[in-house]
Amino acid sequence: MPQLAAEAACYALRHCNLPPHTMKKLALAALAGLLSLPALAHDYSAGALKIDHPWSRAMPASSPTAAVFMTISNSGGADRLLAASTPQAARAELHQHLNDNGVMRMREVSGGIVLPAAGQVKLAPGGLHLMLLQVPKQAVSGDRFPLQLQFEKAGKVTVEVTVESGMAPVHPAGH
Ligand SMILES: [Cu+2]
């Protein structure tokens with residue numbers, strides 16, 4: 001897909017300048033989403049890695065992209081997240097948002113996302129994320145889809161991504 005469209009979609013994940021009535025609708029949708037969420041805590045292990053709460057923000061049906069977030073805790077030696085794949089999208093890329101002289105841009109992370117020894121890396125809106133490209137059919141809030149992560153040392157692990165409404169960026173630690 002054109003890089004520009006991907007950037008625009010990625011940008012939209014972070015910056016929403018929407019008319020008030022739309023914001024209200026979104027807020028209501030988010031509230032409904034929150035109320036219907038069961039206990040969402042879910043985590044996965046791969047070797048020394050713990051992958052906590054992989055989630056994706058629900059996107060408009062027409063969007064060709066989506067982003068996936070999670071927290072990865074590493075209790076062992078340094079590792080790297082090299083790649084991801086999912087039946088939900090033709091392609092998944094590792095992305096970073098960067099502040100380039102006041103303009104937020106996203107860039108593919110070359111060489112994988114570094115997971116420092118005995119450290120924690122958060123993939124979160126506005127920062128590191130997995131970008132899903134060429135999404136044929138957008139998931140809706142409440143959906144789940146599988147995502148395979150490939151780590152340099154810990155190998156491959158498949159996690160289940162929960163799809164959540166866009167207006168709830170806060171995911172308290174230890175939720
Ligand atoms: Cu991106």
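Two strands pair if DSSP finds at least two bridges between them. Strands (E, at least two residues) and helices (H or I, at least four) are DSSP runs, numbered from the N terminus. With those terms in hand, start at one pair: Ile-51 in β2 stands opposite Ile-72 in β3.

This is a predicted model, in which local features need pLDDT of at least 70, side-chain atom pairs count only at pLDDT 80 or more, and totals for chains, interfaces and linings use all residues. Residues are numbered from 1 along each chain as its sequence is written.

How far can the model be trusted? The pLDDT is the predictor's confidence in each residue, from 0 to 100. Its mean over the protein is 82, and 71% of the residues reach 70 or more. Over residues 14–20 the pLDDT is below 50. That stretch has five contacts in the model beyond near neighbours in sequence; two residues are in contact if their C-beta atoms, placed from the backbone, lie within 7 Å. Residues 168–175 also have pLDDT below 50, with seven contacts beyond near neighbours in sequence.

Now the overall plan. The protein has two helices and 11 strands. From the N terminus on, the order is α-α-β-β-β-β-β-β-β-β-β-β-β. Take the contacts with a separation of 6 or more: 72% of them link residues 24 or more positions apart.

Strand β2 is a good place to enter the fold. It spans residues 49–57. Is β2 mostly covered or mostly open? Seven of its nine residues are buried. A residue is buried if 20 or more other C-beta atoms lie within 10 Å of its own, exposed if 12 or fewer, and partly exposed in between, with C-beta atoms placed from the backbone. Across the protein, buried residues make up 30% of the 175 residues.

Which strands pair with β2? One is β1 (residues 43–46), which runs antiparallel to β2 and is joined to it by four bridges. Here Asp-43 stands opposite Asp-52. The two strands form a hairpin with two residues between them. Gly-47 sits in that turn, with a positive phi of about 60°. Another partner is β3 (residues 66–74), which pairs with β2 in the antiparallel sense over six bridges. The Ile-51 and Ile-72 pair belongs here. A further partner is β11 (residues 155–164), and this pairing with β2 is parallel, over three bridges. Ser-56 of β2 stands opposite Val-163 in β11.

Follow β11 onward to β10. These two strands pair in the antiparallel sense over eight bridges. Phe-145 in β10 stands opposite Val-161 in β11. A hairpin joins β10 to β11 through three residues. β10 also pairs with β4, again antiparallel, over four bridges. In that pairing, Leu-81 stands opposite Phe-151 in β10.

Next, the interior. In soluble globular proteins, nonpolar side chains tend to be buried together. A nonpolar core is a set of buried Ala, Val, Leu, Ile, Met, Phe, Trp, Tyr and Cys residues joined through C-beta atoms within 7 Å. The largest such core here has 31 residues. Ala-67, Val-68, Leu-81, Leu-130, Leu-132 and Leu-149 have the most contacts inside it. Several strands each supply at least two residues of this core, among them β4 (79–85), β5 (91–100), β9 (129–133) and β10 (144–151). The strand that gives the most is β3, with six residues. Leu-130 shows how the parts meet. Leaving aside neighbours within four places in sequence, Leu-130 is in contact with Ala-67, Val-68, Ala-84, Ala-92, Leu-94 and Leu-123.

Finally, three loop residues deserve a look. Ala-58 lies in the loop between β2 and β3. Why does Ala-58 count as buried? Because Ala-58 has 22 C-beta neighbours inside 10 Å. Its C-alpha atom is separated by 8.9 Å from that of Gly-142, 84 residues apart along the chain.

Ala-118 is found in the loop between β7 and β8 (119–123). Ala-118 is exposed, because 11 other C-beta atoms lie within 10 Å. Its phi is near 50°, a positive value in a residue other than glycine. Gln-134, in the loop between β9 and β10, has a positive phi of about 55° although it is not a glycine. Gln-134 has 12 other C-beta atoms within 10 Å, so it is exposed.
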